[in-house]
Amino acid sequence: HIATGKPLVEPARSTHEAEQLASYRSPSGLAIFSLLLGLASPLVFTAKLLMVIPGLGIAISLLALAKIAASDGRLFGRKAALAGLALAIASACAVTVEKQAVTWLVSRQARPIALGWFNHLRQRQVEAAISLTTASQRPAKNPATPSPFGSSSESPIDRFKTSPVVTKLVDWGEQAKIHFDKTIVAQKLPQDGKRVVLQFAVHRPDGSGSFPVVLTMEKRGVD
């Protein structure tokens, strides 16, 4: 007789037992949460502060995938986590591309106007240069109001004409060379407005170097 003991081969589980084991699987809460974050990620286009949503969605999706992989089949929701991850990444990339496109477009539109301002001064057309600035729209200060920066009766136009950059450009004329350096800020404002801050390099005629000039340009939207 063969001694009784543990069988060498375990009997196959019945279909009922397999169904019971399958019923023990539960959905991953993190996977569901990551999918909700992915669906909410496009809200980043309405407010840049909401960039935290796709960032959190990416992190939660990766965590959900790791938890599901380590659950040995007890958790499901891998497809939901992957969908949330894809939506979050797509939204984060899209808003980054949009920002770069806006910077490039606004800067490209503003550069000719800025170079025109420099050319007016190089051609000693000071009044034309003033017309492109806000100095032409601001009245002189009240003489009764003291100013720590000089004569209180001096108008914004007078201060513009005597500023170091303007006097140097007018004095050097066409010998001054202007080159675009970089875009510091470029953004859209409400009602189709735009604001851009550009930096240019002004090269001295004697070749002794250059100095930066930063111009802030703004187009107000129409209410």
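## Salt bridge between strands 4 and 5

R195 and E218 form a salt bridge in which the closest N and O atoms are 3.7 Å apart. Because R195 belongs to strand 4 (residues 193–203) and E218 to strand 5 (residues 210–219), the pair ties together parts that are 23 residues apart in sequence. The coordinates come from a predicted model.

Both partners can be placed by their accessibility. R195 has a relative accessibility of 26% and counts as partly exposed. E218 is partly exposed as well, with a relative accessible area of 38%. The two values fall in this class because partly exposed residues lie between the 20% limit for buried and the 50% limit for exposed.

## Salt bridges involving helices

The count of salt bridges comes to 3. One of them joins the side chains of R122 and E174, with an N to O distance of 3.2 Å. This pair links distant parts of the chain, 52 residues apart: R122 is in helix 4, whereas E174 is in the loop between helix 7 (164–172) and strand 3. On the helix side, R122 is buried, with a relative accessible area of 12%, a class assigned because the value is under 20%. On the loop side, E174 is partly exposed at 43% relative accessibility.

Another salt bridge is formed by the side chains of E127 and K161, at 3.1 Å from N to O. Here, too, distant parts of the chain are linked: E127 lies in helix 5 (residues 126–131) and K161 in helix 6 (residues 156–161), 34 residues apart. K161 is partly exposed, and its relative accessible area is 36%.

## The second largest pocket

The second largest pocket holds about 390 Å³ of space. Helix 4 (78–122) and strand 3 (177–189) are the elements that give two or more residues to its lining. Strand 3 supplies the largest share of that lining, with 6 residues. These elements also appear in the description of the R122–E174 pair: R122 is in helix 4, and the loop that holds E174 runs between helix 7 and strand 3.

In total, 15 residues line the second largest pocket. Those nearest the pocket centre are K48, K99, V102, Q187 and K188. Sorted by class, the lining comprises 6 nonpolar, 5 polar and 4 charged residues.

Terms used:
Residues numbered from 1 in each chain as written. Predicted model: local features only at pLDDT ≥ 70, side-chain atom pairs only at ≥ 80, totals over all residues. Heavy atoms only, no water. 1 Å grid on protein atoms, 1.4 Å probe; cavity = no way out; pocket = protein on both sides within 12 Å on 5 of 7 lines; lining within 4 Å. Points joined across faces, edges and corners; volume = space filled by probe spheres on them. Helix = DSSP H or I, 4+ residues; strand = E, 2+ residues; numbered from the N terminus. Nonpolar A, V, L, I, M, F, W, Y, C, P; charged D, E, K, R; others polar. Salt bridge = Lys/Arg side-chain N within 4 Å of Asp/Glu carboxyl O. Buried < 20%, exposed > 50% of the residue type's maximum accessible area, 1.4 Å probe, protein only.
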